[in-house]
Amino acid sequence: MHCSMSSDEASDRVLVLNPVSGSGEHVDDVVELAGGHGFEIRKTEEAGDATRFARDAAPDANLIAAAGGDGTLNAVVNGIAAANALETTTVAVVPAGTGNNFAANIDIRGLEHAFTVIEDGRRRTIDIATANDRVFVNSCVGGITAEASSETTTESKAELGVLAYVKNTFETVGEFDSLPLRVETAAGPNGETAQAWEGEALFVLIGNCRRFTGARTAQANVEDGLLEVTIVEDAATTNLVSGAALEGLFGRDSTHIVRRRTPSLAIESREDSVEYSLDGEMLKTETLHLETKSETLTIPVGDGYQPDPDEGELWPLETSAGQ
Ligand SMILES: Nc1ncnc2c1ncn2[C@@H]1O[C@H](COP(=O)(O)OP(=O)(O)OP(=O)(O)O)[C@@H](O)[C@H]1O
């Protein structure tokens, strides 16, 4: 009687554990903490497991934790979306990846802190985004090659976040073929107009939770129903071998940057398929439709989480677009 009650309670809380994310040293600590907080633990054995585990757990579990990096969180959210259970499931972030960018944005400071926040933290319901039939939480970046993505080092990711893939793509392919793209952004609720951009791009970066301003990435407002689009136009002289060069390319004064805010957009390749990285997971396609799903994902957040990071000294995006 009591036994069956406790096992029912346990399946209310499921933790999906990626044992190979980051340095892989988190496993024992996560297992101990998760067990102590009543989680049933599902450890992945291969790529694809995290999505499957989350999809299977979502109909019954109220709380699903993703222990890993941004890729593991992405997989878990995709699994819950596939089960149509985003509205009824809270997703907790247990940072055990390389960069843990998303965890930092919501002020989750470490493994123990993640469990403190699960028990006592505020819940916020944030935007997620779809790219064709997949979901992403942080960012979608076009123009990264799968080869460069898989070769990007842990150190580089820890230092540069998603821009490490950009840098590595330049380094591995040398002479970079620009992408002939057409990018159509829809009108938004704050006077953003529908616009089309057509040309040769080096990269196109779409942030839901992430803003691409310089080599260091900053948090975007993740409750505003908008995506932040950054198109890096082809500039023949660009030579991206250092973090400083990246800073210049993405910096606010760069002349090769087009910025937009929009609730949805379509990116069409005028030639071959383009490779996109969704929170670090690859997708190859000719046409990509992206859309925000406003206030869709409920997450426990740390005390320092700011829904609107622009309240403060950060520069306003619209004025810099100047189109
Ligand atoms: N047991 C496993 N064996 C091999 N690969 C796995 C396993 N479990 C998950 N993966 C792969 O791990 C990747 C996700 O890693 P994740 O992004 O969470 O960590 P990370 O790369 O160290 O951190 P970050 O994305 O924060 O930089 C996915 O591509 C997934 O396919």
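## Talking through the core, the helices and the ligand shell

Colleague: Let's start inside: which residues touch the most other members of the largest nonpolar core?
Modeller: This is a predicted model, so read everything here in that light. The largest nonpolar core holds 84 residues. Those that touch the most other members are Val16, Ile64, Val76, Val77 and Val93.

Colleague: And where does this core lie relative to domain 1 and domain 2?
Modeller: Domain 1 covers 7–120 and domain 2 covers 136–294. Both of them give residues to this core, so its place is between domain 1 and domain 2.

Colleague: Take Val76, then. Which residues does Val76 touch, leaving out those up to four places away in sequence?
Modeller: Val76 is among the core residues that touch the most other members. Once residues up to four places away in sequence are set aside, Val76 touches Val16, Ala50, Ala54, Ile64, Ala66 and Val91.

Colleague: Ala50 and Ala54 make me curious about α3. Why do the buried residues of α3 line one face of the helix?
Modeller: The buried residues of α3 are Ala50, Thr51, Phe53, Ala54 and Ala57. Looking down the axis of α3, they line one face because they fall within an arc of 165°.

Colleague: What do those buried residues of α3 pack against?
Modeller: Ala54 is one of the buried residues in α3, and Val76 touches Ala54. Taken together, the buried residues of α3 pack against β1 (13–17), β2 (40–43), β3 (63–68) and α4.

Colleague: Same game for α6: within what arc do its buried residues fall?
Modeller: Helix α6 spans residues 111–120, and Ala114, Phe115, Val117 and Ile118 are buried there. They line one face of the helix, because seen down its axis they fall within an arc of 160°.

Colleague: Which residues of α6 are exposed on the other side?
Modeller: The buried residues of α6 have covers that include α2 (27–36), β4 (90–95) and β17 (287–301). Over on the other side of α6, the exposed residues are Glu112, Glu119 and Asp120.

Colleague: Now the ligand. Which of the residues around the ligand come nearest?
Modeller: There are 23 residues around the ligand. The ones that come nearest are Ser21, Ala47, Gly69, Gly71 and Gly97.

Colleague: Which element gives the largest share of the shell around the ligand?
Modeller: Two elements give two or more residues to that shell, α3 (49–57) and α4 (70–82). The largest share is 3 residues, and the element behind it is α4.

Colleague: How many residues of the shell are nonpolar, polar and charged?
Modeller: The shell draws at least three residues from each of domain 1 and domain 2. By type, its residues divide into 4 nonpolar, 13 polar and 6 charged.

Colleague: What about the contact between domain 1 (7–120) and domain 2 (136–294): how many residues does it take from each?
Modeller: The protein is divided into those two domains. The contact takes 10 residues from domain 1 and 14 residues from domain 2.

Colleague: Which element gives the largest share of the domain 1 side?
Modeller: On the side of domain 1 that touches domain 2, α4 and α5 each give two or more residues. The residues of that side divide into 3 nonpolar, 6 polar and 1 charged. With 5 residues, the largest share comes from α4.

Colleague: Any odd backbone angles? What is phi of Asn84?
Modeller: Asn84 is found in the loop between α4 and β4. It is exposed, because 11 other C-beta atoms lie within 10 Å and 12 or fewer counts as exposed. Asn84 is not a glycine, yet its phi is positive, near 55°.

Colleague: And what is phi of Asp107?
Modeller: Asp107 sits in the loop between α5 (101–105) and α6. Its 15 other C-beta atoms within 10 Å make it partly exposed. Although Asp107 is not a glycine, its phi is positive, about 60°.

Colleague: Last one: which residues does Asp12 touch, not counting those up to four places away in sequence?
Modeller: Asp12 lies in helix α1 (residues 2–12) and counts as partly exposed, with 15 C-beta neighbours inside 10 Å. Glu46 is 34 residues from Asp12 along the chain, and their C-alpha atoms are separated by 24 Å. Leaving out residues up to four places away in sequence, Asp12 touches Ala61, Asn62 and Leu63.

Conventions
Residues numbered from 1 in each chain as written. Predicted model: local features only at pLDDT ≥ 70, side-chain atom pairs only at ≥ 80, totals over all residues. Near = placed C-beta within 6 Å. Helix = DSSP H or I, 4+ residues; strand = E, 2+ residues; numbered from the N terminus. Nonpolar A, V, L, I, M, F, W, Y, C, P; charged D, E, K, R; others polar. Domains from an automatic or database assignment. Buried ≥ 20, exposed ≤ 12 C-beta atoms within 10 Å, placed from the backbone. Arc of directions from axis to C-beta. Contact = placed C-beta atoms within 7 Å. Core = buried A, V, L, I, M, F, W, Y, C linked by C-beta atoms within 7 Å.
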